[in-house]
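Reader: I work at the bench and would like a close look at one part of this model rather than a survey of everything. Could you take me through it slowly, giving the reasoning wherever there is some to give?

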Amino acid sequence: MELAKPFEMTQPAISQHLKVLEDAGLVIRLVKGGIEAMDQWLSMLRKALDKNYDRLDKVLADIEQHKKGETR
Amino acid sequence: MSKLTLKTEGDTHVVTRRFAAPPEAVYRAHTDPKLVQKWMLGPEGWTMPVCVCEAKPGGKIRYEWKNGKGRGFYLTGEFLELELFGRIVHVERMHLPDPTPDNHIETRFDADGTGTLMTMRMTLPDAQTRAAVLATGMEHGMEASYVRLEEII
């Protein structure tokens, strides 16, 4: 709608032109940026959680080791 | 091979992870501040000099992280429900320094053979919060500014 305002064209006509430009790779829809940002978030989250839980594995192993020491 | 699964269901992140220890130990590692301090650190290079973790309904949570290079931030929260060794429900928010919207988190610990299957469900943060968290530098700087740029565009 915003894009159509300055032109003497209807909104559907503008959409049609944008679609041609998009297919030609000249226009990238902003939603793509949104998806990339989400991918980046998920990748950071996964990395941080992986690191955390790898450390937690070690903490748990230490607890088990300690328990064995006590019952010996 | 990663033992972690991370899925998004609507507005919720669902994380699962198996541990070799029984639910009692995994639960303890989530509720004893001395243990939490040892592992809930995110990427390499960060430490948690302050860890308050009052594991009872209404109990307070405060985690403060530092990266040793003058950067740091903190998180506050409250415990809502606890089932001993089975389930923890809490809310938390990061202070960057403005508080992010509350993140509602349910963590379950189910016996799985001799180990534990942990399932964590948490609120998917909005775009602004994601950008703010990425910008803390817990990810390297380039990517953080790239995300901020995307948010502006």
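Author: A salt bridge here is a side-chain nitrogen of Lys or Arg within 4 Å of a carboxyl oxygen of Asp or Glu. By that rule, four salt bridges are found across the interface of chain A and chain B, and it should be kept in mind throughout that this is a predicted model. One salt bridge joins K3(B) to D57(A), with their closest N and O atoms 3.4 Å apart. The interface to which these bridges belong brings 26 residues of chain A into contact with 40 residues of chain B. Together the two chains bury about 3000 Å², and 65% of that area is on carbon and sulfur atoms. On the chain A side, Q40(A), W41(A) and Y53(A) supply 22% of the area that chain A buries against chain B, which is more than any other three residues supply.

From there I turn to chain B itself, and above all to its helix α1 and its aromatic rings. Helix α1, residues 23-31 of chain B, is mostly covered, with seven of its nine residues buried. Those buried residues are P23(B), A25(B), V26(B), Y27(B), A29(B), H30(B) and T31(B).

One of them, Y27(B), leads on to the ring pairs, of which a search of the whole structure finds seven over all chains. The ring centres of Y27(B) and F109(B) lie 5.9 Å apart with the planes at 80 degrees, and because planes over 60 degrees apart count as edge-to-face, this pair is edge-to-face. The pair links distant parts of the chain, since Y27(B) is in helix α1 whereas F109(B) is in strand β7 (residues 103-112), 82 residues apart. Both Y27(B) and F109(B) are buried.

A second pair can be read in the same manner: the rings of W46(B) and F73(B) have centres 5.7 Å apart and planes at 65 degrees, so this pair too is edge-to-face. Here W46(B) comes from the loop between α2 (33-39) and β3 of chain B, while F73(B) belongs to strand β5 (residues 72-83), so that distant parts of the chain, 27 residues apart, are linked. W46(B) is buried, with a relative accessible area of 7%, and F73(B) is likewise buried, with a relative accessible area of 7%. Ring pairs also draw these residues into a cluster made of W46(B), Y63(B), W65(B) and F73(B). Another ring, that of Y74(B), has the charged end of R62(B) sitting over it, 4.2 Å from the ring centre.

The cysteines deserve a separate word, because a disulfide would need two sulfur atoms within 2.5 Å. The sulfur of C51(B) has its closest cysteine sulfur in C53(B), 5.6 Å away, which is too far for a bond. C51(B) counts as buried at 14% relative accessibility, and C53(B) counts as buried at 8%. Over all chains, the structure holds zero disulfides.

Finally, the loop between β3 (47-53) and β4 (60-66) of chain B holds G58(B). With a relative accessible area of 48%, G58(B) is partly exposed, and its C-alpha atom is separated by 24 Å from that of V15(B), which lies 43 residues away along the chain.

Note on methods:
Residues are numbered from 1 along each chain as its sequence is written. Chains are lettered from A and ligands numbered from 1 in the order in which they are written. This is a predicted model: local features need pLDDT of at least 70, side-chain atom pairs count only at pLDDT 80 or more; totals for chains, interfaces and linings use all residues. Side-chain values use heavy atoms; hydrogens and water are left out. Buried means under 20% relative accessible area, exposed over 50%, partly exposed in between (1.4 Å probe, protein chains only). Helices (H or I, at least four residues) and strands (E, at least two) are DSSP runs, numbered from the N terminus. Rings of Phe, Tyr and Trp (its six-membered ring) pair if their centres lie within 6.5 Å; planes under 30 degrees apart count as stacked, over 60 as edge-to-face and the rest as tilted. A charge sits over a ring if NZ of Lys or CZ of Arg is within 6 Å of the ring centre and within 35 degrees of the ring normal. Contact means heavy atoms within 4.5 Å. Buried area is the accessible area (1.4 Å probe) that two parts lose on being put together, summed over both.
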